[in-house]
Amino acid sequence: MERTWIGLIKFWKHHTSISKREIQVMEELTPGGVNSPVRAFKSVGGQPIIMDSVMGCRMRDIDGNEYIDYVGSWGPAIIGHADDESRQNPFLPVSASKLTMSVLAALAETMKKGTSFGAPCLLENVLAEMVISAVPSIEMVRFVNSGTEACMGEVAALILEPVVGNSGFIAPKPDFLNALHNITKENDAFLIFDKVMTGFRLSYGGAQEYFSITPDLTTIAKIIGGGFPVGAYGGRREIMEMVAPAGPMYQAGTLGGNPLAMTAGIQTLKRLKEPGSYDNLNKITSELILGILDAGKKAGHAIRGGYVSGMFGFFFNEVPVYNFGDAKKSDTSKFASFYRGMLEEGVYFAPSQFEAGFTSLTHTFEDIQQTIAAAEKVFRQL
Ligand SMILES: Cc1ncc(COP(=O)(O)O)c(C=O)c1O
């Protein structure tokens, strides 16, 4: 009897019929019903949830369900969604977090001047200076509109994510990046760090500060646009001066460096630069992942995982995961059941075993405890 009631309450709590109906409509209008395949639920089953609004570390769907969000728009929402003046960084004294104008307030100011100039705007100088002074290997930078665009280059090079997020979260073994650096130097090839995901997520200077390696070129996106479409590539001056109009490599973009993306990026970086930001991300993320791993093991599951700063991941796997081959040995059907269970408990992870998770400055220890309690419950049911 009790079970039936719990079932009913659960169903009522996590009712997604409007989402289901609207996704079916969208399936007729765009391939697979989504405008980016990572939003599909192919590997976890069921249909994607359509979101209505996001704020801080919470998302609300169009049926009215609320979720703690560990996707963070796939990375950009590192200071929380829809950052506004009324919410303070919970880890900083009020006086400190007021130093920085909120993203929404700054956007409102910028928007009064227009949404796109198609001509230079001063905000490009501000963000370019911030990126160049934060990332040791970048002497010049070019803003584009997405990480994909930033990574498109026609040069003899080795390009990789210094910390992998796109096979699930995989931190490099000691010396792996150094060995690659040496190989590219010996072969006169460029080493390119694709830091679209890790840029400004692992530390203010990104992975190269974290691992003390200087690549020839770096691509960044996500966080430097604070939730707006953005990308950037940069590196040594002699290389960047090959780019048009300074040099012969033609690359252009209608919306490159547009004022809204620049504004959201500038305010996000200012907030991240405040003292304690990365320590807080580190504390929150370690509490989360250690809690999940502990809960999984106590419930008898083979589970592996790790984190660096505001990025984490876990695999249902018997062996430690060092590469995609190891990751592929994971029990993806168990992940799918876990995923659906967590969704019903109001926790939104990336809908694939092979994606990383992200925390933000707005996740509190209460959010983390709530997530771990949900995980304990779901692990017991698997
Ligand atoms: C490492 C990496 N590179 C490139 C991209 C593509 O970036 P965008 O989605 O902004 O085009 C992504 C997207 O998640 C990424 O994680």
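This passage describes how the two domains of a predicted model meet.

In the predicted model, the chain is divided into domain 1, which is made up of two stretches, 2-83 and 276-381, and domain 2, which covers 103-273. The C-alpha centres of domain 1 and domain 2 are separated by 27 Å. Contact between them involves 30 residues on the side of domain 1 and 25 residues on the side of domain 2, and the area buried between the two domains amounts to about 2,400 Å², with carbon and sulfur atoms contributing 66% of that area.

With regard to specific interactions, one salt bridge is found across the interface of domain 1 and domain 2. A salt bridge is formed between Arg271 and Asp83, for which the closest N and O atoms lie 3.2 Å apart; Arg271 falls within the bounds of domain 2, whereas Asp83 falls within those of domain 1. Polar contacts across the interface of the two domains comprise 14 residue pairs, in which both residues have pLDDT 80 or more.

On the side of domain 1 that touches domain 2, two or more residues are given by each of the helices α11 (277-298) and α12 (324-328) and by each of the strands β9 (304-308) and β10 (311-315). Of the elements concerned, β10 provides the largest share, namely four residues. When the residues on this side of domain 1 are sorted by class, 19 are nonpolar, nine are polar and two are charged.

Conventions. Residues numbered from 1 in each chain as written. Predicted model: local features only at pLDDT ≥ 70, side-chain atom pairs only at ≥ 80, totals over all residues. Heavy atoms only, no water. Domains from an automatic or database assignment. Contact = heavy atoms within 4.5 Å. Buried area = accessible area lost by both parts, 1.4 Å probe. Salt bridge = Lys/Arg side-chain N within 4 Å of Asp/Glu carboxyl O. Polar contact = N/O pair within 3.5 Å; in protein donor to acceptor, adjacent residues only side chain to side chain. Nonpolar A, V, L, I, M, F, W, Y, C, P; charged D, E, K, R; others polar.
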